[in-house]
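Grab your viewer and work through these exercises on the model shown below. Try each task before reading its solution.

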Amino acid sequence: MSQQSNDAESQRLIEERLRQQNWKRWGPYLAERQWGTVREDYSVDGSSWDAFPHDHARSRAYRWGEDGLLGICDREGRLCFALALWNERDPILKERLFGLTNTEGNHGEDVKECYFYLDSTPTHSYFKALYKYPQAEFPYAQLLEENQRRGRTEREYELLDTGIFDDHRYFDVSIEYAKAAPDDILIRIAIANRSSELARLHVLPTLWFKNTWSWGRTGEGYESKPHIELNNRGIVATHSTLGQFHFIAQPRSGQDSVKFLFTENETNVDRLFGTANASPYVKDAFHSYLIQNQQNAINLTSGTKAAAHYLLEVPPGETVLLKLRLSAESVDPDFGESFDQLFEQRIQEADEYYAVLSQNLAADEARVARQACAGLLWSKQFYHYGVADWLSGDPTQPSVQRDAHPNRDWANHLYNRDVISMPDKWEYPWYATWDLAFHMIPMAKIDPDFAKQQLILFLREWYMHPNGAIPAYEYGFSDTNPPVHAWACWRVYKLSAPRGERDRVFLARTFHKLLLNFTWWVNRKDSDGKNLFSGGFLGLDNIGLFDRSQPLPTGGELAQADATAWMAFYCGTMLSIAIELAAEDPAYEDVASKFFEHFIAIADAINTFGGTGLWNEQDGFYYDQIRLDDQDPIPLKVRSLVGLLPMLAVEVLEKSVIDRLPGFSKRMQWFLENRQDLAQRISCMHGDQGHDRLLLAIPSRDRLVCVLKYLLDEAEFLSPYGIRSVSRIHKDQPYSLWAGDQEYRVGYLPGESDSALFGGNSNWRGPIWFPINYLIIEALERYHYFYGDAFKVECPVGSGQWLTLAEVARELGDRLYRIFRSDESGHCPWQGESQQYVTLGWRDLTLFHEHFDGDTGRGLGASHQTGWTALIARLAFGNRVGIRLSSSR
């Protein structure tokens, strides 16, 4: 989105950036799941799923955050709003999304609900979501029992499989938010009865304060206890740092007022632990009042949690509309024409904002891309985790012993209290830094300021470890993710503004901190100084024969093609950043020279160390190697993304740019003349071939051709829907290795994992993953930028069709887009065998899964991981309208 736009949403973004208006103070920052997280785990054995199960969530106050159904909160998570529903059949009040834990699902944790993020502007001046609520009793037990019965070779049993939506026996509950001002939020809740019979529904729009007062602590985030109380217009919520907010609700026709229920957001210790409650008013009071008919469970005048109670009788096929307002000002309860006009105005402004990005797209493509943006924006979450306080426990709570916890190394500095882009607010309601890097690529086009702020945040001193490590995720901050943060900073820098207007201060700020991280990688992951790296599983989970984060069962050391390639990729990116900064500050020329030489050294090691490095001449592919003392290396001949990743390490340097950097140019020339053993890693073209550029890449031209033959072979990596994570050749020819009396084996698994390694909900042995596909597309564009139209490859192999590498990149992007392209019936590959999404009320709804079946394109893993799967929007807004995804210029 051009920052020169004059539409209303762009102006709000400018006002936010200049701190003239606090438009982002409120947003969809409320988690979809807080229970079962590491933060809320105060158990002895550290089993987070068991320590705080779903059954506790309605009754137990959270320590670090809150969750709710399609809700909102302020950017510090103090005051929260969300939906609660009851169909008069469910055993519990529907206040949050239900799903199975890691040990309950046959493929790990999995949300078992049908909900959709439909729209959002970057400032959340307008945003909308949909929840499909069954009218029959929600099948909690059936979902649990059937998934536990099924084995890992069977598919997951989903809510749609239960038949509960048959005959349209459900409510469509859509919720819209529109901001009249930064602290004035209008809310519309539409309840549509899709069945052929009248149906009753209790709707409880709920407002509550995060519990900050029960832990015996003071200081930031532990202000005096807030309160919510009834007044003559509705209710008033008062907080010592947030201020005062008024919440009003429109009465139903024929009623003078809405009934408000109150309680305290405090644990029902009587129900959970058999200890007397200090107050009769506890967190699950609304459940007790409605479902158990306990009239004395609620307070009628005040508390820290409140709800407007609507009992609706919705005729068949009709829709009931509820209107509410949350405002810092005491506003008149006017829910008439002006209320609806504000919504129509915000919707029109959202349309105008996205029209620029989608102007050349077909209607179906524009809809998918916009829903991807909505999911990305809805996945922002307030995340609070102070490691020191968590490790020591709280004064008013039972003591905990965490001396051996892996996060103890982060206790002295790591303090998270920010709105952060999450992979999935139910399945992954905690940040993952390498996921976030990919989130920021599409975010750079819809909200460049937020993209830059997020990347800077993880390099700040209260996130980055003093040794230079970047925190991975809350299960283990010290785990090693692929080093893609520098790449994200470089891409966001270029995507967020046209040349000449780019934010060099942002680039310099991130570059200096990334130097620390790069040094950490070199010191920790290349301890013997051979430039062959071992980074652990590196985000690819079960792609290898064994857990690469653990000691090898064979003994010796593992030289990883992907770890080494990632470091070359990191080097190349840092080199490009340094050259960019050196254009205005010669001090960066020295460090550019350092990264230039380091890239060459890594490329040489992976190609020649010990003879041929990690390259296998016989197969024409890169493999991991086990290196034992005084023995020849053992190649692990699994054809997987591990061997494709060396392709990603490619940078093109313009000689005209280098010539303007005399210090760098002089040192590079010395290197080429005096280190001719390494200089062969540089490819050169000259003016008579159309340009004067240098290519830094791991594979030579010949080796690139070999790798591309595997990449573009439909019997190997090339799927109708993108690039597979493991070659299909391993379906009939699995690779195995014996270590002692144990066989380790990798076969092609296009769908779910057949093992419990890493929880079993993630599979890198065949499915298609958007982040790596996107990086491959970018790399192919850079190769084309150097080699030009004369370099053509057969795509697909055996087809007789020869394409330039730019055309191959577009072909891969188009195959990824096929996952979301509907046929004449409205069916899309991501839907798998389900026919529900071709029916009325479902047809235009899209889920953006974590990964996709390598043969069919069926969605797998987390169903709302719009974080990195939102890259589909970048492909649509960029490549499909003729804009280069990347450029070395």
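**Exercise 1: the largest pocket**

How much space lies in the largest pocket? Work out also which residues and elements line the largest pocket.

*Solution.* Before the numbers, a word on what you're looking at: this is a predicted model, where local features need pLDDT of at least 70, side-chain atom pairs count only at pLDDT 80 or more, and totals for chains, interfaces and linings use all residues. Residues are numbered from 1 along each chain as its sequence is written, and side-chain values use heavy atoms, with hydrogens and water left out.

Step 1. Get the terms straight. On a 1 Å grid over the protein atoms alone, a pocket is an open set of points with protein on both sides within 12 Å along at least five of seven lines, while a cavity is a set where a 1.4 Å probe fits but cannot get out; lining residues have an atom within 4 Å of a point. Points are joined across faces, edges and corners, and the volume is the space filled by probe spheres set on them.

Step 2. Read off the volume: the largest pocket holds about 980 Å³.

Step 3. List the lining. There are 28 residues, and Arg-19, Arg-75, Asp-418, Gln-453 and Leu-457 lie nearest the centre.

Step 4. Map them to elements (DSSP runs numbered from the N terminus: helices are H or I with at least four residues, strands E with at least two). At least two lining residues each come from α1 (8–17), β21 (415–421), α11 (448–457) and α13 (504–525). The largest share is that of α11, with seven residues.

Step 5. Sort by class (Ala, Val, Leu, Ile, Met, Phe, Trp, Tyr, Cys and Pro are nonpolar; Asp, Glu, Lys and Arg are charged; the others, Gly among them, are polar). The pocket lining splits into 15 charged, nine nonpolar and four polar residues.

**Exercise 2: the cavities**

How many cavities of 30 Å³ or more does the structure hold? Describe the linings of the largest and the second largest.

*Solution.*

Step 1. Count: 10 cavities of 30 Å³ or more turn up.

Step 2. Take the largest cavity, with about 180 Å³ of space. Its lining has 20 residues, and Thr-433, Ile-470, Asn-481, Pro-482 and Trp-521 are nearest the centre. Helix α13 gives the most to this lining, three residues. By class, you get 13 nonpolar, six polar and one charged.

Step 3. Now the second largest cavity, at about 110 Å³. It's lined by 13 residues, with Asp-67, Glu-95, Arg-96, Trp-208 and Lys-305 closest to the centre. Two or more lining residues each come from β3 (79–83) and β12 (206–209). Here the classes are six charged, four nonpolar and three polar.

**Exercise 3: aromatic pairs**

What is the geometry of the pair Tyr-383 and Tyr-431?

*Solution.*

Step 1. Apply the rule: rings of Phe, Tyr and Trp (its six-membered ring) pair if their centres lie within 6.5 Å, with planes under 30 degrees apart called stacked, over 60 edge-to-face and the rest tilted. That yields 69 aromatic pairs.

Step 2. For Tyr-383 and Tyr-431, the centres are 5.1 Å apart and the planes at 65 degrees, which is edge-to-face. Tyr-383 sits in strand β20 (residues 380–386) and Tyr-431 in the loop between β21 and α10, 48 residues apart. Both are buried (under 20% relative accessible area with a 1.4 Å probe, protein chains only; exposed is over 50%, partly exposed in between).

Step 3. Compute another: Trp-830 and Tyr-837 have ring centres 4.9 Å apart and planes at 65 degrees, so this pair is edge-to-face too. Trp-830 and Tyr-837 are both buried.

Step 4. Look for a cluster. Tyr-383 and Tyr-431 belong to one whose members include Trp-64, Trp-410 and Phe-477.

**Exercise 4: two polar side chains**

Where do Thr-37 and Asn-773 lie, and which backbone oxygens do their side chains reach?

*Solution.*

Step 1. Thr-37 is in the loop between β1 (26–27) and α2 (48–51). With a relative accessible area of 1%, Thr-37 is buried.

Step 2. Its side chain reaches the backbone oxygen of Gln-34 at 2.8 Å. Contacts (heavy atoms within 4.5 Å) of Thr-37 are Ser-48, Pro-429 and Glu-474, leaving out residues up to four places away in sequence.

Step 3. Asn-773 is in helix α21 (residues 770–787) and is buried at 3% relative accessible area. A polar atom of the Asn-773 side chain lies 2.9 Å from the backbone oxygen of Trp-769.

How values were computed
A polar contact is a pair of N or O atoms within 3.5 Å; within protein, one must be able to donate a hydrogen and the other to accept it, and residues adjacent in sequence count only if both atoms are side-chain atoms.
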